[in-house]
Amino acid sequence: MACRFERIDPGKVKSYALSSGAKMPALGMGTFGSDSVSPARVARAVGEAIHIGYRHIDCAMVYGNEREIGDALAFEFRSGLKREELFITSKLWNDKHAPSDVALACEASMRDLGLDYLDLYLIHWPFPNTHERGCTVDSRAAGAKPYIHENYMRTWRELEKLVRRGLVRSIGASNMTMPKMTRLLRDAEIKPAAVELELHPHFQQKELLGYLKREGIVPVGYCPLGSPGRPERDRTDDDSVDLDDPVIKRMAAERGVHPAEIAIMWAVTLGAAPIPFSSSAPHLYSNLRAATLAPLSRDEMDAISGIDRNCRLIKGQVFLWKENQTWHDLWDEDGTIAK
C-alpha cells in the first residue's frame, strides 16, 4: 500500500512504561467506526496508518472489524513489519464476562487479528449489558444488571490467567469510575496497567486521571477530539464541540496547527495516550504528527484546564438496567456505585 505522506519516524513518538514492563506508544489509532465506517475501510486505514508511522492500534471485538484488521496486519507482516514493533489492544465485550467465556473471547480476537499474543486486553465496560450495532438510545439488554463487584472480579481473575498463560502481556479496564477503580485495585492480584477513559478538553476527568497516574496506571484517552463522528445515540443537545472552543482555536492559530492537534498535544502533555479514529490519511498524518511536537507549555495547559465543561459525550444509556434511570447512574457521580 503506497503512502501519500512523508513517513513519521515511530521513534519520535514517545512511549509510556506500563507496570507490566511493556512500552506503549503515546498515540494510537482507534478503530471504532461509529457503526458508519465499514470494516474494510477501517482495515485500509490501519494499513495506511502503519505506513505513516503508527505503532499502536486499539481494537475491540464489538467493533466488528478485527478480522479485516487482521488481514491488514498480515499484509504488513509479510512486507517485513515485525510483530514486536506493534502495540495491539483488544477488549472483552460485555456479553463475555462469564468466566468460562473470557479466554474463548480473547482467543477469538487473537485469531481474527492473526496474532499469537495481545499487548493489552481490557474489560470494555464494567457492565455485563450488551447492545446491537446501530441500536438506538432506548435499547436495553434483556436481563441487564448493574455493576456487581464480585462478578467483575471473577472476570478480572480470568484476565489475570491470560497473562500467566502468555496470551496477553498487560491487562486493564475501561469506562471505570473512582469507586469502581478503588475496589479493583484493592482486590486485583495483577493490577491494571492501563485504563481507557473518555478524555478531551471539555471532559478532563481530573480526579480520575490524577488517581490513575498516582497509581502508576497509564490513561488511554478515547474521544480525544470530542468524537465528531460518534453514533447518533450518543448525541444530546447539551453536547459541546471541543475543537470550536476559542482557547483551542487561538492556540492552534498561534502554533500554526489544526485545533485537533492541540487536543492531542494536550492529552500527551498530560501523560495520557490518546487514540483518535480516522479513516482519512491526512487526518491520520496530522494526528500522529501532533504526538511528535513539543509539549504544551504550563500556561497553555492552565488555559485548557480552565475550559473543562464536564461534558461527557459517550453517556452509555444503552447499558442501563432498570426503568426510570438516567445515564448519570452509570458513572457513580455521588461517589457510590448505583444498584
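## Charges, overall shape and two helices

In this predicted model, the chain carries 44 positive and 47 negative charges, and the mean positions of the two sets lie 3 Å apart.

The chain folds into 10 helices and 10 strands. Its radius of gyration is 19 Å, close to the 20 Å that the globule rule gives for 339 residues, so the chain is as compact as a globular protein of that length. Along the principal axes, the C-alpha atoms fill a box of roughly 50 × 45 × 35 Å. Buried residues make up 58% of the 339. The exposed area is about 14,400 Å², with 49% of it supplied by carbon and sulfur atoms. Of the contacts between residues at least 6 apart in sequence, 77% join residues at least 24 apart.

Two helices, H3 and H5, are set out below.

| Helix | Buried residues |
|---|---|
| H3 (residues 99–113) | Val102, Ala105, Cys106, Ala108, Ser109, Met110, Leu113 |
| H5 (residues 178–187) | Met178, Pro179, Lys180, Met181, Leu184, Leu185 |

Helix H3 has 15 residues, which at 1.5 Å a residue should span 21 Å; its end C-alpha atoms are 22 Å apart, which agrees. The buried residues of H3 pack against helix H2 (66–78), strand S5 (87–92), strand S6 (118–123), H4 and S7. After H3 comes Gly114, with a positive phi near 70°.

What do the buried residues of H5 pack against? Their partners are helix H4 (149–165), strand S7 (168–174), strand S8 (194–198) and helix H6 (206–214). H4 and S7 thus appear in the packing of H3 and in that of H5.

Definitions and conventions:
Residues are numbered from 1 along each chain as its sequence is written. This is a predicted model: local features need pLDDT of at least 70, side-chain atom pairs count only at pLDDT 80 or more; totals for chains, interfaces and linings use all residues. Side-chain values use heavy atoms; hydrogens and water are left out. Helices (H or I, at least four residues) and strands (E, at least two) are DSSP runs, numbered from the N terminus. The radius of gyration is taken over C-alpha atoms; the globule rule is 2.2 Å times the number of residues to the power 0.38. Buried means under 20% relative accessible area, exposed over 50%, partly exposed in between (1.4 Å probe, protein chains only). Contact means heavy atoms within 4.5 Å. Accessible areas come from the Shrake-Rupley method with a 1.4 Å probe; for residues, only the protein chains shown count as cover. Lys and Arg count as positive and Asp and Glu as negative; His and the chain ends are not counted. The place of a charge is taken as NZ of Lys, CZ of Arg, CG of Asp or CD of Glu. The expected span of a helix is 1.5 Å times one less than its number of residues.
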